[in-house]
Amino acid sequence: MTAEPLERSLDRHEQLAGPDPYPYPDTLPLVLRTARESDLPELRRLDEEVFQEVAYPGFLLRQLFDMYEEHFLVLDDGTGRLRGYVLAATRALGGDSWILGLCVTQDRRRHGLGRELMTEVLSRLRRDGIGVVRLTVEPANLAAILLYRSLGFRPEEPDGGLRPDYFGPGMHRQIMRLDVPR
């Protein structure tokens, strides 16, 4: 499968001259860039759309942005709508990080965009000296598990990473870990 075009200008987007070559919003090229404070309302909408009842409350999303801005990346379609994000949190001491969120809107899935987001944030974490990255995933989310495995993540040992009731009753999670090559 061929991935759709993704412009990798991390904080700028040049306009194409002439008539609009992308008349439909779902065909617009996406810009992978660092999140901005002005993105917060749209990030909240996106988070609620994708994660629904387990979306971050607005105040927490704001504080996560303030703390981890450099590792909060978005997919911007140029119309004011964000189509995905990844957020990595790092510890002040030590070389560990957690992926706190990865999402792509339903209409943009299965085009390699989650992989693009993860690849870029892992590159930034490696650059910043992070040695271990962990994440949680719903055990039934096979597409996400396959993506993470293809990036080198493995179930955390010794128990294979399965944590019953990790987020509360009935909210099981698989903990996965990546030892970041330096």
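Helices are DSSP runs of H or I with at least four residues, and strands are E runs of at least two, numbered from the N terminus. The model in these views is predicted.

**Figure 1. The whole chain holds four helices and nine strands.** From the N terminus, the elements follow the order β-β-α-α-β-β-β-α-β-α-β-β-β. The chain has 182 residues, and 43% of them are buried. Among contacts with a separation of 6 or more, 61% link residues 24 or more positions apart. The accessible surface is about 10,100 Å². Carbon and sulfur atoms contribute 54% of that surface.

**Figure 2. Gln52 sits in the loop between helix H1 (40-51) and helix H2 (58-68).** Its phi is near 50°. That is a positive value, and Gln52 is not a glycine. Is Gln52 buried or exposed? Gln52 counts as exposed because its relative accessibility is 53%, and the cut-off for exposed is over 50%.

**Figure 3. One side of helix H2 carries its buried residues.** The buried residues are Leu61, Leu64, Phe65 and Tyr68. They span an arc of only 100° around the axis, so they lie on the same side of H2. The face turned away from this buried side carries Phe59 and Met67, both exposed. What do the buried residues of H2 pack against? Their partners are H1, E3, strand E4 (82-90) and strand E5 (96-104).

**Figure 4. Strand E2 (residues 30-34) is mostly covered.** Five of its five residues are buried. E2 pairs with strand E3 (residues 72-76) in the antiparallel sense. The pairing runs over four bridges. Within this pair, Thr34 stands opposite Leu73 in E3. E3 also appears in the previous view, as one of the elements that the buried residues of H2 pack against. In a regular strand, side chains alternate between the two faces of the sheet. For E2, the five residues are buried along the strand.

**Figure 5. Asp165 lies in the loop between strand E8 (162-163) and strand E9 (173-179).** Asp165 is not a glycine, yet its phi is positive, at about 60°. Why does Asp165 count as partly exposed? Its relative accessibility is 41%, and partly exposed covers the range between the buried cut-off of under 20% and the exposed cut-off of over 50%. Gln52, in the loop of the second view, counts as exposed at 53%.

Notes. Residues numbered from 1 in each chain as written. Predicted model: local features only at pLDDT ≥ 70, side-chain atom pairs only at ≥ 80, totals over all residues. Heavy atoms only, no water. Buried < 20%, exposed > 50% of the residue type's maximum accessible area, 1.4 Å probe, protein only. Pairing = 2+ DSSP bridges. Contact = heavy atoms within 4.5 Å. Areas by Shrake-Rupley, 256 points an atom, 1.4 Å probe, with all protein chains shown as cover. Arc of directions from axis to C-beta.
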